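Got the viewer open and a hand on the selection tool? Let's take a walk through this model, one stop after another.

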Amino acid sequence: MEDDTAKRQDSDEELVCKKRNNGSIIWKWFRFKRSDEQQSNVIYRECNKHVATSAGTTTNLFHHLQQRHKLQYEECIKLRGGRAVASQTEKRSAPKQTSLQASFTRGVPYEKKSAKWRDITEAVAYHIAKDMVPAATVEQAGFKKLLKTIDQRYDLPSRHLFTREALPKMYSEVRQKLSDRLAKVTHYALTTDLWSSRTCEPYMSLTVHFIEDWEMKSACLQTSYFPQDHTREHMAEALQDALTSWKLDERGLVAITTENGTNIVKAVQLTKWLRMQCFGHRLHLAIGHGMDDYRISRAISRCKKIVSSFSYSWKKRRELAEAQIQLGLTTHQLITESATRWGTRQQMIERVLEQQGALAKVLSSDKKSRHLVFTWQDIEVLEAVQKTLKPLQDFTDALSGEDYVSLSYVRPVLHLFSTSLLAHDEGDSELPKSIKTTIVDYLNTKYADPATSDLLDMASLVDPRFRTKYVSSDKIDMLKHKAVLEAESLLADQRCFQPDTAVAAVPSMPMSADQEGAAFVSPPVKEKTLAL
């Protein structure tokens, strides 16, 4: 009886925390009796059981929780992991004391012309030139705050430094690097075009194309202000002056590609350069001729009016979005046509046909716009135009690329138009047949010029994918002989530029079939997006 009373008194004795806790989370569940001054007997506070443990270790305490108290053990593991992560974070984020020198120099601006100041200034100048932002950007409050946040020691100079020093210096350096590259080029091609800025100021652009390390390279030589009258004499003089300023020998010019305006065509004739018409612009004109039909003009005009009515009315755009959801149509916006890109007209028609149900619902609900709802005749015309033009969409981009030689594509593409894409199908009505015939006849006529035709045949011949497949049989022997003569001429030019380099001789007479195959081996050509 006395023993039971003693045990009850022991269990009722108050438990206290560990005196010198080393930070372990395990002591949340274990205590000591107040009478145990040495704290040698560890007691689990929930069941008042003694747990044997060596001095200074807590391994047995964790084992006790794991074996007897699963829930408490899981809680302990979570708390233990969280505390470890927090401890590591505190260690990593603990601020280091700043040195006295760093404290004094932190607020001192960089010296002008110091290396750091120059690097940041050049980076700002590169941003202005590369992203074509106004020089006044450096005076805007948001841009100044951005740079101050990045580096408070950098003082941003005024825009005058960029317009008078940094940008001209960058231009001179880039021009010199490009000039050094072009000095090693023996043959090159050019493209040029005239355009107007948003303020209606005229400019002339000139781009050079050349091969460097068996890769096609392009560089815009200049986009110069051109205030003179756009006569053939002025344009020819401007082109020749540009070559002179870049020290490009006219004898190395293979051809120049231009649009088909009368003034630029005659300007190139004055220079006596070989001219190649832009295929994208020529295709645009051919499709324009194909669209010259009163039925098409009426349907296209209605398309433009519909697009315009939605472009200037937020209410109609909101109602269109609601109608698209109700009819289960894709929530696409209408596309506006650009007068200089035929592809935008085709995209406009395609989008209008896609959304004709939603458009009809919105337009018919407003008495002011009911007259714009398409008739069945308009729908038939637009569908005919869409069916005819859709296959041609990819060719403008493919034949306007700068990363590969596209001239050799022209002859195969013209053949593909005539025999496949624009050939008459059995189910074609009178209108699609008329469009196809007009486009094909126009293109064939414009590329029938003897000089242009010979250039296309030669480009196709030296392309290992095409060779003589698209060349008229009666021209093959003459064309091969001409290719050999041009190869001799190229080797002669190489000897002029590299007199010490031994160059193998090329026979001047027509070769056998096996020799021809060996003569026209060229570096591997990457696959293009145009499938023929």
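Select D213 to begin: this residue counts as exposed, because its relative accessibility is 69%. Here is the scale for the whole tour: buried means under 20% relative accessible area, exposed means over 50%, and partly exposed is in between, with a 1.4 Å probe and protein chains only. D213 sits in the loop between β6 (202–212) and β7 (215–225). Those labels come from DSSP runs, numbered from the N terminus: helices are H or I runs of at least four residues, and strands are E runs of at least two. Check the backbone here too, as D213 has a positive phi of about 55° although it is not a glycine.

A word on what you're looking at: this is a predicted model, where local features need pLDDT of at least 70, side-chain atom pairs count only at pLDDT 80 or more, and totals for chains, interfaces and linings use all residues. Residues are numbered from 1 along each chain as its sequence is written, and side-chain values use heavy atoms, with hydrogens and water left out.

Now jump to R467, in the loop between α19 (450–462) and α20 (476–497). R467 is another non-glycine residue with a positive phi, this one about 50°. Is R467 buried, partly exposed or exposed? With 29% relative accessibility, R467 counts as partly exposed.

Next up, salt bridges. The term means a side-chain nitrogen of Lys or Arg within 4 Å of a carboxyl oxygen of Asp or Glu. How many salt bridges does a search of the whole structure find? The search turns up 21.

Try D249 and R251 together: they form a salt bridge, and their closest N and O atoms are 2.6 Å apart. D249 is partly exposed at 37% relative accessibility, while R251 is exposed at 74%.

Then select R295, D293 and E430. R295 and D293 meet through their side chains in a salt bridge, 3.0 Å from N to O. D293 counts as buried, because its relative accessibility is 15%, whereas R295 is partly exposed at 26%. The side chain of R295 also meets that of E430 in a salt bridge, at 3.1 Å from N to O. This pair links distant parts of the chain: E430 is in helix α18 (residues 430–446) and R295 is in helix α11 (residues 294–311), 135 residues apart. For a bigger selection, pick R411, D454, D457 and K475, which are joined into one network by salt bridges that share partners.

Time for the surface. Select K112, K113, R118 and K169, and you'll have a patch of positive charge. Patches are made of residues with over 30% relative accessible area and no salt bridge; like charges are joined within 9 Å, and nonpolar side chains (Val, Leu, Ile, Met, Phe, Trp, Tyr) within 5 Å. Stay with K169 for a moment, which you'll find in helix α7 (residues 159–182). K169 is partly exposed, because its relative accessible area is 46%. Add A125 to the selection: the C-alpha atoms of K169 and A125 are separated by 9.9 Å, with the two residues 44 apart along the chain.

Move on to I335, in the loop between α12 (314–327) and α13 (342–354). I335 counts as partly exposed, with 21% relative accessibility. Which distance do you get from I335 to S308, C-alpha to C-alpha? The answer is 9.7 Å in space, for residues 27 apart in sequence.

Last stop: cysteines. A disulfide is a covalent bond between the sulfur atoms of two cysteines. The cut-off used here is a pair of cysteine sulfur atoms within 2.5 Å, and the structure holds zero disulfides. Select C220 and C303 to compare their surroundings: C220 is partly exposed at 47% relative accessibility, whereas C303 is buried at 0%.

How values were computed:
Accessible areas come from the Shrake-Rupley method with a 1.4 Å probe; for residues, only the protein chains shown count as cover. Lys and Arg count as positive and Asp and Glu as negative; His and the chain ends are not counted. The place of a charge is taken as NZ of Lys, CZ of Arg, CG of Asp or CD of Glu.
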